[in-house]
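Suppose a first-year student asks how the labels given to parts of a protein model can be justified. The conversation here takes such labels one by one and sets each beside its cut-off.

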Amino acid sequence: MRVRVPPWVPLSNQMLQYNKSYFPNTKFIFALSGGIDSVAACHSLKKKKFNFLAVHINNKFIKQDDKIAEDVQRFCYKEQIPLHTIISTEKYSKGSKEDFCRNLRYKALREYAKSQGIDFICTAHHLDDCVESYFLNFLKGHPEFVPIQFYCKYPEVTVFRPFLLNKKIDFAKHVADSNLVEYVREDELNSDMTLMRNWTRKVVLPMIDKKYKGLHKVVFKKMKEHLDSVAKN
């Protein structure tokens, strides 16, 4: 479905925030899904003239996937961003749909990075993702875990996530400011309320936020401490 940026989202003229020192001094892959987060982050990286290749994974999981791939291609053509699209041939059989798609993406990204001799993959994870992961870790009895690691090392490649201190609304503002709404689609799986993360995102966390405004601050502090430790090491 097309993404509609809410009318109450103010125009900010402010770029997404990240520390350039966290980026590798070499070419990297940017995982471009076609959602608000990745389109905004990709556009920001282009404006800052980072050396990267956008890679889109077409899971062929739902009919919408082909339309998302077309919009990603149009966006990259307009912004003159180098793009490589990978079409998946793996079929879903059972288990978590979310896990299947996520594992498929990371596997494809890692394999392509290795084939190209590229050692780093950048993703657009943000603070709201961290809040969701923190809450889910809490339900599983592990509130001490860092919600989302800045670096995640695989045998073939290192995944890094430089946008973790930005909120979801920051990405929506960037898309609105930059007139990119026409290139963005929301994955229909994000509306599947049988998925635990969607239920957490759309039902539980908004209810908590009405009563307690401090959750984002708690997670922000935790992520800031994590990033500071990364910087020192």
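The questions and answers that follow concern a predicted model.

Q: What makes the contact between K168 and D37 a salt bridge?
A: The closest N and O atoms of K168 and D37 are 2.9 Å apart, and a salt bridge requires a side-chain nitrogen of Lys or Arg within 4 Å of a carboxyl oxygen of Asp or Glu, so the pair K168 and D37 meets the cut-off. As background, side chains of opposite charge can pair when their charged atoms come close.

Q: Which parts does the pair of K168 and D37 tie together?
A: K168 belongs to helix 5 (residues 168–177), while D37 belongs to helix 1 (residues 36–47), so the salt bridge links parts that are 131 residues apart in sequence.

Q: Why is D37 called buried and K168 partly exposed?
A: Buried means under 20% relative accessible area, and partly exposed covers the range between that value and 50%. D37 has a relative accessible area of 16%, so it counts as buried, whereas K168, at 33%, counts as partly exposed.

Q: How do you know that E79 and K78 form a salt bridge, and is each of them buried or partly exposed?
A: The N to O distance between the side chains of E79 and K78 is 2.7 Å, which is within 4 Å, so the name salt bridge applies. E79 is buried, with a relative accessible area of 10%, while K78, at 43%, is partly exposed.

Q: What separates K224 and D228 along the chain, and why is their contact called a salt bridge?
A: The two residues are 4 residues apart in helix 7 (residues 215–232), and therefore about one helical turn separates K224 from D228. Their closest N and O atoms lie 3.1 Å apart, which is within 4 Å, so the contact is a salt bridge. K224 is partly exposed at 34% relative accessibility, and D228 is partly exposed too, with a relative accessible area of 32%.

Q: Which residues are joined into one network by salt bridges that share partners?
A: Such salt bridges join D71, R74, E182 and R185 into one network. A search of the whole structure finds 7 salt bridges.

Q: What is noted about the phi of Q80, and why is Q80 called exposed?
A: The phi of Q80 is near 55 degrees, which is a positive value in a residue other than glycine. Q80 sits in the loop between helix 2 (64–79) and strand 3 (83–87), and its relative accessible area is 63%, which is over 50%, so Q80 is exposed.

Q: Where does N179 lie, and what makes N179 exposed?
A: N179 is found in the loop between helix 5 and helix 6 (196–211), and it has a positive phi of about 55 degrees although it is not a glycine. Its relative accessible area of 61% is over 50%, so N179 is exposed.

Q: Why are C42 and C76 not called a disulfide?
A: A disulfide needs a pair of cysteine sulfur atoms within 2.5 Å, but the sulfur of C42 is 5.3 Å from its closest cysteine sulfur, in C76, and this is too far for a bond. The structure accordingly holds 0 disulfides.

Q: Why are C42 and C76 both called buried?
A: C42 has a relative accessible area of 0% and C76 has one of 3%; both values are under 20%, so C42 and C76 are buried.

Terms used. Residues are numbered from 1 along each chain as its sequence is written. This is a predicted model: local features need pLDDT of at least 70, side-chain atom pairs count only at pLDDT 80 or more; totals for chains, interfaces and linings use all residues. Side-chain values use heavy atoms; hydrogens and water are left out. Buried means under 20% relative accessible area, exposed over 50%, partly exposed in between (1.4 Å probe, protein chains only).
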